[in-house]
Amino acid sequence: MERTFVMLKPDAVQRGLIGEILARIEAKGFKPVAMKFMRIPKELAERHYGEHKGKPFFPGLIEYMTSGPVLVMVWEGENIIAAMRTMMGATNPQNAAVGTIRGDFAQQTGRNLIHGSDGPESARREIELFFNDYELQNWSRSLDPWYIE
Ligand code: DAT
Ligand code: MG
């Protein structure tokens, strides 16, 4: 089963959208593997977004991501990396479809509420960056067969 790294960014926390967003992910049937409420140190934010270093929006992005607490998580499910990206919607909320998290709740790229890994490589890298092995729970739910045949 595939795993992905998800983060509710400082604006999601400040706006009181944690419950709303988690309800969507949970209702989909995805399984939580790890969760941590934390303030990201600058160096960690820079490593996480390393691919964007040097771009004009990078300093603002790091300032935003370190401006308050975030909820970092690992979730598990069928094809979950792509599925979470679909549920999140486009990076620019103005292009995000209605029914997606960014499409329903956000207006600007610089305040787009949520991060999700964009592929298996980045999922592995990001999970390792934020979590130790003992923080990742391998567990089974009695309802699992009602989500996955
Ligand atoms: P995503 O978060 O959808 O994976 P990304 O990896 O291209 O998008 O960019 C990471 C974050 O950086 C994005 O969520 C918000 C910020 N960002 C990207 N492009 C931006 C831009 N043109 N202006 C401002 N912020 C931007
Ligand atoms: Mg990305």
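How many nonpolar, polar and charged residues does the lining of the largest pocket have, by class? In this predicted model, that lining comprises 5 nonpolar, 10 polar and 6 charged residues. The largest pocket has a volume of about 410 Å³ and is lined by 21 residues, among which K9, Y49, H52, T91 and N112 lie nearest its centre. Several elements of secondary structure take part in the lining, with α4 (58–65), α5 (80–88) and β4 (114–116) each supplying at least two residues. Of the contributions to the lining of the largest pocket, that of α4 is the greatest, amounting to 3 residues.

The largest pocket is also the site in which ligand 1 sits. The residues that surround ligand 1 are K9, Y49, H52, F57, L61, R85, T91, R102, T109 and N112, and, when sorted by class, this shell consists of 3 nonpolar, 4 polar and 3 charged residues. K9, Y49, H52, T91 and N112, which were named above as lying nearest the centre of the largest pocket, are thus also found among the residues around ligand 1.

Polar side chains of the shell approach oxygen atoms of ligand 1 at three positions, described here in turn. In the case of T91, an N or O atom of the side chain is 2.5 Å from an oxygen atom of ligand 1, while for R85 the corresponding distance between a side-chain N or O atom and an oxygen atom of ligand 1 is 2.8 Å. R102 places a polar side-chain atom 3.1 Å from an oxygen atom of ligand 1. Taken on its own, ligand 1 has 510 Å² of accessible area, of which the protein covers 73%.

Two residues in loops were noted for their backbone geometry. N79, which lies in the loop between β3 (70–77) and α5, has a positive phi of about 50° although it is not a glycine. L113, likewise a residue other than glycine, has a positive phi, with a value near 70°, and is located in the loop between α6 (101–105) and β4. The elements α5 and β4, which bound these loops on one side, are among those that supply at least two residues each to the lining of the largest pocket.

Technical notes
Residues are numbered from 1 along each chain as its sequence is written. Chains are lettered from A and ligands numbered from 1 in the order in which they are written. This is a predicted model: local features need pLDDT of at least 70, side-chain atom pairs count only at pLDDT 80 or more; totals for chains, interfaces and linings use all residues. Side-chain values use heavy atoms; hydrogens and water are left out. A residue is near a molecule or strand if one of its heavy atoms lies within 4 Å of it. A polar contact is a pair of N or O atoms within 3.5 Å; within protein, one must be able to donate a hydrogen and the other to accept it, and residues adjacent in sequence count only if both atoms are side-chain atoms. Accessible areas come from the Shrake-Rupley method with a 1.4 Å probe; for residues, only the protein chains shown count as cover. On a 1 Å grid over the protein atoms alone, a cavity is a set of points where a 1.4 Å probe fits but cannot get out, and a pocket is an open set with protein on both sides within 12 Å along at least five of seven lines; lining residues have an atom within 4 Å of a point. A molecule sits in a cavity or pocket if more than half of its atoms lie within 2 Å of its grid points. Ala, Val, Leu, Ile, Met, Phe, Trp, Tyr, Cys and Pro count as nonpolar, Asp, Glu, Lys and Arg as charged, and the others, Gly among them, as polar. Grid points are joined across faces, edges and corners, and a volume is the space filled by probe spheres set on the points. Helices (H or I, at least four residues) and strands (E, at least two) are DSSP runs, numbered from the N terminus.
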